[in-house]
Amino acid sequence: MKGDRVEIVVDAGDTTRTYEVVASRAGRRVETAVRRGVVEVSEVTRNGSVVRTARFMATRVLALVEQPVPREDASEHPLGDDPKVR
């Protein structure tokens, strides 16, 4: 969903670096995967096509912080009560 964000903190020797991958358009999401010693963070469209990918060596990744956009759940509001209409 637009606004989903993943922050990656990487050990860069004497300092740390922080990278961000953000779902930039509506309908896109951010997915993470760890495969064969590599951390991959990808922005993916609705149909599963990868738009862009950031890859980091797993031994260098210090933190992987997923920050999803708060979503409204339909079960929170009774039927017929639309929170957007006031």
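1. The contacts of E40 are a good place to begin reading this predicted model. Leaving aside residues up to four places away in sequence, E40 touches E31, T32, A33, R35, T53, A54 and R55. E40 itself is found in strand β4, and E40 counts as buried because its relative accessibility is 18%, where buried means under 20%.

2. Two of the residues that E40 touches, R35 and R55, also meet E40 through polar contacts between side chains. The side chain of E40 makes a polar contact of 2.8 Å with the side chain of R35, and a polar contact of 3.1 Å joins the side chains of E40 and R55. When you look at E40 in the structure, it is worth tracing both of these contacts in turn, to R35 and to R55.

3. A33, which is among the residues touched by E40, lies in strand β3. A33 is buried because its relative accessible area is 18%, and the cut-off for that word is under 20%. Not counting residues up to four places away in sequence, A33 touches V38, V39 and E40. A33 and R55 are 22 residues apart in sequence, and their C-alpha atoms are 9.7 Å apart in space.

4. How do strands β3 and β4 run, and how many bridges join them? Strand β3, residues 29-35, and strand β4, residues 38-44, run antiparallel and are joined by seven bridges. One of the pairings to look for is that of V34, whose bridge partner in β4 is V39. As background, strands of a sheet pair through backbone hydrogen bonds, and they may do so in either the parallel or the antiparallel sense.

5. The hairpin of β3 and β4 has two residues between the strands, and in this hairpin R36 takes a positive phi near 50 degrees. R36 is found in the loop between β3 and β4. Is R36 buried or exposed? R36 counts as exposed, because its relative accessibility is 87% and exposed means over 50%. The phi value deserves a second look, since R36 is a residue other than glycine and its phi is nevertheless positive. Most residues other than glycine have a negative phi.

6. Turning to another part of the chain, an open sheet of three strands has the order β2-β1-β6, with antiparallel pairing. Its edge strands are β2, residues 16-22, and β6, residues 61-67, each of which pairs on one side only. From one strand to the next, the twist averages 15 degrees.

7. Within this sheet, strand β1, residues 5-11, pairs with β2 in the antiparallel sense over seven bridges. A reader who wants to check the register of this pair can start from V9, which stands opposite T18 in β2.

8. Which elements make up the chain as a whole? The chain has six strands and zero helices, and from the N terminus on its elements run β-β-β-β-β-β. Of the 86 residues in the chain, 23% are buried. E40 and A33 both belong to that buried group, each with a value of 18%.

9. Two further totals complete the note. Among contacts in the chain between residues at least 6 apart in sequence, 36% join residues at least 24 apart. The chain exposes about 6400 Å², and carbon and sulfur atoms supply 49% of that area.

Terms used
Residues numbered from 1 in each chain as written. Predicted model: local features only at pLDDT ≥ 70, side-chain atom pairs only at ≥ 80, totals over all residues. Heavy atoms only, no water. Pairing = 2+ DSSP bridges. Helix = DSSP H or I, 4+ residues; strand = E, 2+ residues; numbered from the N terminus. Axes fitted to C-alpha atoms, helices over the stretch in contact; angles between N-to-C directions. Buried < 20%, exposed > 50% of the residue type's maximum accessible area, 1.4 Å probe, protein only. Polar contact = N/O pair within 3.5 Å; in protein donor to acceptor, adjacent residues only side chain to side chain. Contact = heavy atoms within 4.5 Å. Areas by Shrake-Rupley, 256 points an atom, 1.4 Å probe, with all protein chains shown as cover.
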